[in-house]
Structure formats: structure tokens, C-alpha cells
Amino acid sequence: MAFAGMLSDEDIKAAVQACQAPGTFNYKSFFAQVGLTVLSEEDGQKVFIVLDQDKSGYIEEEELKLFLQNFSPGARELTVAETKDLMAAGDKDGDGKIGMEEMAFAGVLNEADIKAALDGCKAADSFNYKTFFKACGLSAKTVDEVKKAFGIIDQDASGFIEEEELKLFLQNFSAGARALTDKETKAFLSAGDSDGDGMIGLDEFAALVKA
């Protein structure tokens, strides 16, 4: 069993049965039901590796279509609409595939909350990090979940969020979102950069989210 030791067979069976009918698959309900949303980062990575069948480092549309079969070999394929919905929810950078960090994000935040948070700062210079973190639900998340969010925003995996990455901050939540203005980026950086090194580390980011 691919997920032995991580997920319960009973939970998997119930989750797969709940979306047997075409068009009934909802990734959030499914993730919650099988216990994916409460996995440690390490177990989450193991799950990603199982889903990434061709070991490319990404989950492509063809692999997403067979998503349920990773949990139960006899399960149905996802419909085209379900596959596209799952892809849209996970593919934060708009490259047509889901990376490991993107998958982590999909299980952490609610799409409706993300949309509301983005709608609230559509106009240039209207972004406020406290309002945004609260609206998207990140400020209420666990340290592990905040860590996952940091890993996504830290696009070059340097261990820090630099000014250029902050500028594209909103695009981590939706590929079509606007870039932050220079004024917003600098205000965001100065709020988070408590040690004055010109970038935001994990602890600084966590403090910012919970501020």
C-alpha cells in the first residue's frame, strides 16, 4: 500500500466511495477525509512522490486524471472538469503542472478565502499584509502550515523571501494576481525584516503572519 503508515485504509475507502459518481470529486473534502491536511511535511512529500508517477518533480494533468487510483487501484478516473479544477486549485504559478510546494498549499487554504483576500487588494497600493493574512486564513493556521506557505513564497528556495519574491507575493495565491507596487513591497519588507538584512526568514515570516 503506497500510503501505509501515513493514511488509514478506512479513511481512504470512505473518501473514494464518497466521490464514486462522476462530477462529485471535491479535492478539499477528499484531502480532509483521507487525512492529507494533517500530515507532517515529510509525509506530505511522500504522498507527492506517489502521485508524481513519472518522477518529473511535478504532477501533470495526465497524472491528476488518475489521482484517485493512487489511493485505490479500482477507483474511477477524474472527469475532465474535475481534473481541470484540481489543476487550477494547485497550480499557483500557472505553468500547467503542480509542484510539491504548490500541492502543500492546496491543502492549507480555502479557495473562497483566497479569492476574497485577493479581491480585497485589487487596487494598487491597497494591500495590507495583516488584512490579507487574516482574510485568506493564514493567520489562523498552525506553524507547520505557515512553514508550507513560506516554502511556496520562497520561490528560489534560498531560505529567505527577497524583495523580488515579495513583489510577486499575490501571484503565489493566484497566477493572475497583480504584482505589488514598489511602495507596498517596501512596506511589506520593512514590516517583516526584523533583523534588517533586507529579506524575510522563516521566523520573521511566521511572526508577520501572526502579527
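**Exercise 1. Find the partner of glutamate 184 and decide whether glutamate 184 is buried or exposed.**

Start with the contact: in this structure glutamate 184 makes a salt bridge with arginine 178, and their closest N and O atoms sit 2.8 Å apart. Keep in mind as you go that you're working on a predicted model. Next, the accessibility: glutamate 184 comes out at 6% relative accessibility. The cut-off for buried is under 20%, so glutamate 184 counts as buried.

**Exercise 2. Work out which parts of the chain the salt bridge between lysine 186 and glutamate 163 ties together.**

First, check the distance: the closest N and O atoms of lysine 186 and glutamate 163 are 2.8 Å apart, and the two residues form a salt bridge. Now place them. Lysine 186 belongs to helix H11 and glutamate 163 to helix H10, so the pair connects parts that are 23 residues apart in sequence. Finally, look at the surface: lysine 186 is partly exposed at 48% relative accessibility, and glutamate 163 is partly exposed too, with a relative accessible area of 32%.

**Exercise 3. Describe the salt bridge of aspartate 119 and lysine 115, then find the network it belongs to.**

Step one is the geometry: the two side chains meet at 3.1 Å, N to O. Step two is the spacing. Both residues are in helix H7 (residues 111–119), four residues apart, which means about one helical turn separates them. Step three is exposure: aspartate 119 is partly exposed at 36% relative accessibility, while lysine 115 is exposed with a relative accessible area of 52%. Step four widens the view: Lys115, Asp119 and Lys122 are linked in a network of salt bridges. For the whole structure, the salt bridge count is eight.

**Exercise 4. Classify the ring pairs Phe127 with Phe132 and Phe169 with Phe188.**

You need two numbers per pair, since a pair of aromatic rings is described by the distance of the centres and the angle of the planes. The structure holds 21 aromatic pairs. For phenylalanine 127 and phenylalanine 132, the centres are 5.7 Å apart and the planes make 50°, so with stacked meaning under 30 degrees and edge-to-face over 60, this pair is tilted. Both phenylalanine 127 and phenylalanine 132 are buried.

For phenylalanine 169 and phenylalanine 188, the values are 4.9 Å centre to centre and 90° between the planes, an edge-to-face pair. This pair links distant parts of the chain: phenylalanine 169 is in the loop between helix H10 (163–167) and helix H11 (182–192), phenylalanine 188 is in helix H11, and they are 19 residues apart. Both phenylalanine 169 and phenylalanine 188 are buried.

Now put the pairs together. Ring pairs join Phe127, Tyr129, Phe132, Phe133, Phe150, Phe169, Phe173, Phe188 and Phe205 into a cluster.

**Exercise 5. Say how H7 and H8 are arranged.**

Read off the values: H7 and helix H8 (residues 129–136) pack at an angle of about 155°, and their axes are 7 Å apart. That angle makes H7 roughly antiparallel to H8, because the cut-off for this class is over 145 degrees. As for handedness, H7 passes H8 in a right-handed crossing.

**Exercise 6. Find out how many residues of helix H9 are buried.**

Go along helix H9 (residues 143–153): eight of its eleven residues are buried, so the rest of the structure largely encloses this helix. The buried ones are Glu145, Val146, Lys148, Ala149, Phe150, Gly151, Ile152 and Ile153. Phe150 also turns up in the ring cluster from Exercise 4.

**Exercise 7. Locate lysine 55 and alanine 157, and give phi for each.**

Take lysine 55: phi is positive, about 55°, although this residue is not a glycine. Lysine 55 sits in the loop between helix H3 (41–51) and strand S1 (58–59), and at 55% relative accessibility it is exposed.

Then alanine 157: its phi is near 55°, again a positive value in a residue other than glycine. Alanine 157 lies in the loop between H9 and strand S3 (160–161), and it is exposed, with a relative accessible area of 64%.

Key:
Residues are numbered from 1 along each chain as its sequence is written. This is a predicted model: local features need pLDDT of at least 70, side-chain atom pairs count only at pLDDT 80 or more; totals for chains, interfaces and linings use all residues. Side-chain values use heavy atoms; hydrogens and water are left out. Rings of Phe, Tyr and Trp (its six-membered ring) pair if their centres lie within 6.5 Å; planes under 30 degrees apart count as stacked, over 60 as edge-to-face and the rest as tilted. Buried means under 20% relative accessible area, exposed over 50%, partly exposed in between (1.4 Å probe, protein chains only). Helices (H or I, at least four residues) and strands (E, at least two) are DSSP runs, numbered from the N terminus. A salt bridge is a side-chain nitrogen of Lys or Arg within 4 Å of a carboxyl oxygen of Asp or Glu. Axes are lines fitted to C-alpha atoms, for helices over the stretch in contact, and angles run from 0 to 180 degrees between N-to-C directions. Angles under 35 degrees count as roughly parallel, over 145 as roughly antiparallel, 65 to 115 as roughly perpendicular and the rest as oblique. A crossing is left-handed if the near helix is turned anticlockwise from the far one by less than a right angle, and right-handed if clockwise.
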